[in-house]
Amino acid sequence: MLILAKTKRTKTPLQKNHLHIFLLLSLIALHISCAAKKNIVANEIIIEALPPKLIFLNYTISQDANGDKHIQFVNKIITDGKLKNNTEAYFKTGAVGDLKCSQLDKDSLEIKTVIIENPLSKIMEYVNDSLIFESKKIELKSAPLSLRLALHDKTKYITISHIIDSLQNSRPLITTKLD
């Protein structure tokens with residue numbers, strides 16, 4: 001009868017080193033993954049979005065005998081809100097006599113610009129004696145000018161300029177400082 005004796009296998013020093021290296025690498029990987037999560041949470045900054053703002057500007061615009069336009073500031077109202085639709089009610093390019101309204105940052109760099117049709121030139125429709133609709137262009141000497149704009153958060157000044165030629169060159173009329 002053959003008796004098999006159970007022999008105890010001993011691990012070689014090389015196998016012991018592999019086990020120790022594996023355990024050490026596992027421990028380092030675990031430590032790094034936990035440490036990385038801690039840093040991400042610690043460095044996370046929550047930025048609260050500022051609510052969108054609207055600005056309502058009211059002016060009086062007039063034209064003197066020489067044809068020069070002048071604007072007087074009446075008041076401004078800044079409030080939380082946004083325009084109902086994203087389509088701009090203002091034109092992209094203007095004609096001679098139109099106004100250019102620009103939002104400027106603290107360094108007087110242009111942020112956004114809109115064109116406003118000449119507020120002193122109105123087209124009136126009426127029914128003539130023959131009961132036919134007609135239109136007539138009327139040039140006013142003065143008129144109110146009311147603007148409603150989506151206010152950019154970096155805007156510090158709003159300037160209104162008069163377009164003086166077909167190349168869109170303009171002459172500043174008034175600058176309103178926002179506090």
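**Close-up views of two loop residues**

**View 1. Asn128 and the backbone of its loop.** In this predicted model, the backbone nitrogen of Ile132 sits 2.9 Å from a polar atom of the Asn128 side chain. That side chain has a further backbone partner to look for: a polar atom of Asn128 is also 2.9 Å from the backbone nitrogen of Ser130. To get your bearings, find the loop that joins β5 (121-127) to β6 (133-139), which is where Asn128 is placed.

**View 2. Burial of Asn128.** Is Asn128 buried or exposed? With a relative accessible area of 17%, Asn128 counts as buried, because the cut-off for that term is under 20%.

**View 3. Asp105 and the backbone of its loop.** Here we move to the loop between β3 (99-104) and β4 (110-116), home of Asp105. The Asp105 side chain reaches the backbone nitrogen of Leu109 at 2.8 Å. A polar atom of the Asp105 side chain also lies 3.0 Å from the backbone nitrogen of Asp107.

**View 4. The surroundings of Asp105.** Which residues touch Asp105, once neighbours within four places in sequence are set aside? They are Ile111, Lys154, Lys156 and Tyr157. Asp105 is buried but forms no salt bridge; Lys106, the nearest side chain of opposite charge, is 6.9 Å away.

**View 5. Confidence along the chain.** The mean pLDDT of the chain is 82, and 78% of the residues score at least 70. Strand β1 (residues 53-63) has the highest mean among the elements, 95, while helix α1 (residues 13-43) has the lowest, 65. A friendly caution: where pLDDT is low, predicted coordinates should not be read in detail.

Note on methods. Residues numbered from 1 in each chain as written. Predicted model: local features only at pLDDT ≥ 70, side-chain atom pairs only at ≥ 80, totals over all residues. Heavy atoms only, no water. Helix = DSSP H or I, 4+ residues; strand = E, 2+ residues; numbered from the N terminus. Buried < 20%, exposed > 50% of the residue type's maximum accessible area, 1.4 Å probe, protein only. Lys, Arg positive; Asp, Glu negative; His and termini not counted. Salt bridge = Lys/Arg side-chain N within 4 Å of Asp/Glu carboxyl O. Polar contact = N/O pair within 3.5 Å; in protein donor to acceptor, adjacent residues only side chain to side chain. Contact = heavy atoms within 4.5 Å. pLDDT = per-residue confidence, 0-100.
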